[in-house]
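I opened this model to look up its strands, its surface and its cysteines, and I kept notes as I went.

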Amino acid sequence: CPVCKNPVPAEGYVIARMFSRHDRKHLRVLGCTACRKDPVRGYAP
């Protein structure tokens, strides 16, 4: 995981948000399922 620097669990995944900025896209990594325990807005497991 780019945030906590630990391996992502086998059943886990990385959580990110994507933004459109003019003529390009921007991706912000928020964490993985191990380090990001609180749900992301609009996300329901």
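The entries below follow the order in which I looked things up.

**Ground rules.** I am working with a predicted model, in which local features need pLDDT of at least 70 and side-chain atom pairs count only at pLDDT 80 or more, while totals for chains, interfaces and linings use all residues. I number residues from 1 along each chain as its sequence is written, and side-chain values use heavy atoms, with hydrogens and water left out.

**Overall content.** I found zero helices and two strands in the protein chain, taking helices (H or I, at least four residues) and strands (E, at least two) as DSSP runs numbered from the N terminus. For the accessible surface of the protein chain I noted about 3900 Å², with 52% of it belonging to carbon and sulfur atoms; accessible areas come from the Shrake-Rupley method with a 1.4 Å probe, and for residues only the protein chains shown count as cover. Of the 45 residues in the protein chain, 13% are buried, where buried means under 20% relative accessible area, exposed over 50%, and partly exposed in between (1.4 Å probe, protein chains only). Among contacts in the protein chain with a separation of 6 or more, 33% come from residues 24 or more positions apart, a contact being heavy atoms within 4.5 Å.

**The hairpin.** I looked up how β1 (residues 14–21) and β2 (residues 24–32) are arranged, and they pair in the antiparallel sense over eight bridges; two strands pair if DSSP finds at least two bridges between them. The two strands form a hairpin with two residues between them, and H22 in the turn has a positive phi of about 50 degrees. I also recorded that R21 has R24 in β2 as its bridge partner.

**M18 and the nonpolar patch.** M18 lies in strand β1 and counts as exposed because its relative accessibility is 55%. Leaving aside neighbours within four places in sequence, M18 is in contact with K25, H26 and L27, and its C-alpha atom is separated by 6.4 Å from that of R28, 10 residues apart along the chain. Together with V3, V8, V14, L27 and V29, M18 makes a nonpolar surface patch of about 480 Å². Patches are made of residues with over 30% relative accessible area and no salt bridge (a side-chain nitrogen of Lys or Arg within 4 Å of a carboxyl oxygen of Asp or Glu); like charges are joined within 9 Å, and nonpolar side chains (Val, Leu, Ile, Met, Phe, Trp, Tyr) within 5 Å. I noted that β1 and β2 each supply at least two residues of this patch, whereas V3 lies in the segment before β1 and is partly exposed at 41% relative accessible area.

**The segment before β1.** K5 is placed here too, exposed at 64% relative accessible area, and has a positive phi near 65 degrees although it is a residue other than glycine. P2, also found in this segment, is partly exposed at 49%, and its C-alpha atom is separated by 8.4 Å from that of C32, 30 residues apart along the chain.

**The cysteines.** How many disulfides does a search of the whole structure find? The search returned zero, a disulfide being a pair of cysteine sulfur atoms within 2.5 Å. The sulfur of C1 has its closest cysteine sulfur in C4, 3.8 Å away, so the pair is too far apart for a bond. C35 is likewise in no disulfide, with the nearest cysteine sulfur, that of C32, 3.8 Å away. C1 is buried at 15% relative accessible area, whereas C35 is partly exposed at 34%.
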